[in-house]
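Welcome, and thanks for opening the viewer. Could you walk me through this model, telling me what to select next and what is there?

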Amino acid sequence: MSTTRKHTALPKAQILIEALPWLTRHNGKTVVIKFGGNAMIDDDLKAAFAQDVVFLHHAGLKPVVVHGGGPQISAALDQAGIVSEFKAGLRVTTEDAMDVVRMVLAGQVQRELVGLLNQHGPLAVGLTGEDAHTITATKHQPEIDGELVDIGRVGEITAIDTGAIEALLADGRIPIVSSIARSQDDGHVYNVNADTAAAALAAALGAETLMVLTDVEGLYEDWPNSDEVISRLTASQLEKLLPDLSAGMVPKMEGCLHAVRGGVTTARVIDGRVQHSILLEIFTDEGIGTMVVADEKPDATAAETTDAQGESS
């Protein structure tokens with residue numbers, strides 16, 4: 001009986017021991033997680049995500065969650081009889097649409113996420129970028145065919161104030177931030193890209209890690225010809241790849257680039273369709289996504305980028 005018990009428990013002990021160096025390394029560090037994709041709409045994945053974030057908290061890390069809500073916003077706009085339109089990969093956000101965006105992000109998606117985390121204790125606190133001037137933006141006008149195009153209340157982030165988030169972290173809470181920004185100039189609010197918001201917050205907080213949940217395994221080396229995932233690349237290598245990436249990956253990878261160039265130690269794109277992908281990425285030797293790091297040495301950058309485009313070590 002005791003022998004059986006010992007054997008069944010041993011793998012659990014080995015898993016915990018494997019996590020030990022990672023727990024030591026990340027203890028007390030801030031990790032910003034962009035919650036999105038399939039993980040937002042599948043109930044089992046949502047529950048697993050909440051467990052992962054609470055685990056990070058109890059393991060001594062300081063998680064901050066930033067979320068968007070594309071599918072939920074589209075559904076609510078349909079219900080309100082407002083047509084969803086996209087230009088340059090961004091949602092055209094009229095005044096009426098902005099009211100719906102604000103309601104869905106702050107009143108629906110954020111509330112559900114706070115509720116899921118708080119099943120595990122009084123931990124999560126929801127806020128939007130409007131609160132305490134956390135995220136400030138000005139009107140963003142993308143360039144299409146050489147001309148600036150008005151896409152409504154879509155914002156470009158101009159400033160981050162981390163005061164409210166840092167106060168919550170110091171109080172042992174988990175901030176859940178909706179990607180809405182206050183206006184720098186006209187008293188309105190803006191819809192901001194959640195990948196961009198997460199990256200800006202990670203840099204401003206001096207986070208150890210930015211993690212972006214996606215619906216793919218990571219950054220593919222030669223998509224669609226190959227499904228090999230690049231497991232690690234430097235900022236300069238990523239910058240060279242950006243022009244050839246699919247539209248959906250661009251804001252995610254630009255966010256990773258911004259984060260590591262802003263002082264974040266690592267930025268990771270991970271597959272949010274895999275349950276507990278956050279724990280697998282942070283606490284195991286293998287990792288499961290694509291990790292972006294800063295260039296090691298200025299004088300070595302050129303040599304690295306020429307011979308390591310497809311590095312997957």
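Start by selecting Ala132, which sits in the loop between strand 5 (124–128) and strand 6 (135–139). Keep in mind as you look around that this is a predicted model. Ala132 has a positive phi of about 55°, although it is not a glycine.

Now step along to His133, which is placed in the loop between strand 5 and strand 6 as well. Its phi is near 55°, again a positive value in a residue other than glycine. Is His133 buried or exposed, or something in between? His133 is partly exposed, because its relative accessible area is 42%.

**Stepping back**

Zoom out to take in the whole chain. You should be able to colour ten helices and 16 strands in the protein. Of its 313 residues, 48% count as buried. Among the contacts with a separation of 6 or more, 74% are between residues 24 or more positions apart.

**Two partners of helix 4**

Select helix 2 (residues 43–58) together with helix 4 (residues 95–117). Their axes come within 9 Å and cross at roughly 60°, which means that helix 2 is oblique to helix 4. The crossing of helix 2 and helix 4 is right-handed.

Which residues make this contact? Show the side chains of Lys46, Phe49, Ala50, Val53 and Val54 on helix 2, and those of Glu112, Leu113, Leu116 and Leu117 on helix 4. Sorted by type, the residues of the contact of helix 2 with helix 4 are seven nonpolar, no polar and two charged.

Keep helix 4 selected and add helix 3 (residues 70–79). The axes of helix 3 and helix 4 come within 9 Å and cross at roughly 130°, so helix 3 is oblique to helix 4. Helix 3 passes helix 4 in a right-handed crossing.

To see what meets what, display Gln72, Ile73, Ala76 and Leu77 in helix 3. On the helix 4 side they meet Ala97, Val100, Val101, Val104, Leu105, Gln108 and Val109. The contact of helix 3 with helix 4 divides into nine nonpolar residues, two polar and no charged.

**A buried serine**

Next, select Ser178, whose place is in strand 10 (residues 174–178). Ser178 counts as buried because its relative accessible area is 0%. What does the side chain of Ser178 join through a polar contact? The partner is the side chain of His67, and the polar contact is 2.9 Å.

Now reveal the surroundings of Ser178. Leaving out residues up to four places away in sequence, Ser178 touches His67, Leu105, Ala106, Gln110, Leu127, Thr128 and Gly129. Leu105 may look familiar from the meeting of helix 3 and helix 4.

**Helix 6 beside helix 8**

Move on to helix 6 (residues 194–205) and helix 8, which pack at an angle of about 10° with their axes 8 Å apart. That angle is why helix 6 is described as roughly parallel to helix 8. Asp195, Ala199, Ala200 and Ala203 in helix 6 meet Pro251, Lys252, Gly255, His258 and Ala259 in helix 8. The residues of this contact divide into five nonpolar, two polar and two charged.

Pick out Pro251, which you will find in helix 8 (residues 250–261). The C-alpha atoms of Pro251 and Asp195 are separated by 6.2 Å, with the two residues 56 residues apart along the chain. Setting aside neighbours within four places in sequence, Pro251 is in contact with Asn193 and Asp195.

**A loop and a strand end**

Select Val229 in the loop between strand 13 (209–214) and strand 14 (232–234). Is Val229 buried or exposed? Val229 is buried, because its relative accessible area is 19% and buried means under 20%. Add Leu219, ten residues apart from Val229 along the chain, and you will find their C-alpha atoms separated by 5.6 Å.

For the last stop, select Asp271 in strand 15 (residues 266–271). Asp271 counts as buried because its relative accessible area is 6%. Its side chain is joined to that of Arg273 by a polar contact of 2.8 Å. Not counting residues up to four places away in sequence, Asp271 touches Thr214, Asp215, Val216, Glu217 and Ser277.

Notes:
Residues numbered from 1 in each chain as written. Predicted model: local features only at pLDDT ≥ 70, side-chain atom pairs only at ≥ 80, totals over all residues. Heavy atoms only, no water. Axes fitted to C-alpha atoms, helices over the stretch in contact; angles between N-to-C directions. Helix = DSSP H or I, 4+ residues; strand = E, 2+ residues; numbered from the N terminus. Parallel < 35°, antiparallel > 145°, perpendicular 65-115°, else oblique. Left-handed = near helix turned anticlockwise from the far one by under 90°. Contact = heavy atoms within 4.5 Å. Nonpolar A, V, L, I, M, F, W, Y, C, P; charged D, E, K, R; others polar. Buried < 20%, exposed > 50% of the residue type's maximum accessible area, 1.4 Å probe, protein only. Polar contact = N/O pair within 3.5 Å; in protein donor to acceptor, adjacent residues only side chain to side chain.
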